[in-house]
Amino acid sequence: MQDDRLYDEKELEKSWLLSYSDLITLLFVIVVVIAAVSSVQMKEKMEQVKQAQDKQEQQAKDMSNEIGIFEAKKKKLEQEITALQASRDQLAATTKPVKTEVEHHEKSMETMKTQLSGALHEFNIDFAETDAGLVIRLPEKVLFKSGSADLEEDGKKAVGAIASILQKFPNLLRIEGYSDNTPIVHSPYRTNWELSSARALSVMREMVDTYTLPPTRFVIAGWGEQHPLTPNLTPEQQAENRRVEIVILPEKEE
């Protein structure tokens, strides 16, 4: 009996080792579990961090692409603005000479009208502005005898006054002869058309031969009884229709 108690006491003294061993095992298991859980959580967090980093990198890449597109559009816009400015400058450079030429032409025409008005005043002859140009109407009684195409002295003076002014300007000229509807009777010309053409040519010859205006500036036309100013119903109306018109054209000799 004494030996059995002794044995039990000895076994009892060793029993705490088992409990301690179980405790240590349990703690180890707990540590392992905690470590495993922590590892999973750490992995998940690292994955989240990686996803967040990838997202930020993608956003930065997208922003960089957008900036690149914006810069490309900005550069293209700057190029278009530069091209527009160049076109504007070129247009301004082209328009300025045209504008200057127009202004010079208008000033030249005003000068011509002023000088013509003074020169024609003594002959009681006026001029009119038409779509074709400045028209000077010279009546037959100033220029010619009835049925003749030879300039009278007064006619030469009137034509000379006009030619002296036209020498200063390069405008082209159209000289047109007109008659009434009375048939030709005592004249070297068989028709009014031939007479009106000869009279226009006579005026041109005076300007070319006496006042050295270049023949290249002239166009001659004989209209005869066509295009009357009045209906040819009275002698006064017929006299008004017998005329030579000098048309000063806006075009200039090259």
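In this predicted model, helix H3 (residues 153–166) and helix H4 (residues 192–209) have axes that come within 10 Å and cross at roughly 55 degrees. That angle makes H3 oblique to H4. Look at the handedness too: H3 passes H4 in a right-handed crossing.

Which residues in H3 meet H4? On the H3 side they are Lys 156, Val 159, Ile 162, Ala 163 and Leu 166, and their partners in H4 are Val 203, Glu 206 and Met 207. Sorted by character, the residues of this contact comprise six nonpolar, no polar and two charged.

Now turn to the sheet. Strands of a sheet pair through backbone hydrogen bonds, either parallel or antiparallel. Here, five strands form an open sheet in the order E1-E2-E5-E3-E4, and the pairing is mixed. Strand E1 (127–129) and strand E4 (218–224) are the edge strands, each pairing on one side only. From one strand to the next, the twist averages 20 degrees.

You can follow one pairing in detail: E1 and strand E2 (residues 134–139) run in the antiparallel sense and share three bridges. For Phe 127, the bridge partner in E2 is Ile 136.

Both helices also pack on the sheet, as the table shows.

| Helix | Strands touched | Angle between directions |
|---|---|---|
| H3 | E2, strand E3 (171–178) and strand E5 (243–252) | about 160 degrees with E2 |
| H4 | E3, E4 and E5 | about 155 degrees with E4 |

To trace this yourself, begin at the crossing of H3 with H4, then find E3 and E5, which are touched by H3 and also by H4.

How values were computed. Residues are numbered from 1 along each chain as its sequence is written. This is a predicted model: local features need pLDDT of at least 70, side-chain atom pairs count only at pLDDT 80 or more; totals for chains, interfaces and linings use all residues. Side-chain values use heavy atoms; hydrogens and water are left out. Axes are lines fitted to C-alpha atoms, for helices over the stretch in contact, and angles run from 0 to 180 degrees between N-to-C directions. Helices (H or I, at least four residues) and strands (E, at least two) are DSSP runs, numbered from the N terminus. Angles under 35 degrees count as roughly parallel, over 145 as roughly antiparallel, 65 to 115 as roughly perpendicular and the rest as oblique. A crossing is left-handed if the near helix is turned anticlockwise from the far one by less than a right angle, and right-handed if clockwise. Contact means heavy atoms within 4.5 Å. Ala, Val, Leu, Ile, Met, Phe, Trp, Tyr, Cys and Pro count as nonpolar, Asp, Glu, Lys and Arg as charged, and the others, Gly among them, as polar. Two strands pair if DSSP finds at least two bridges between them.
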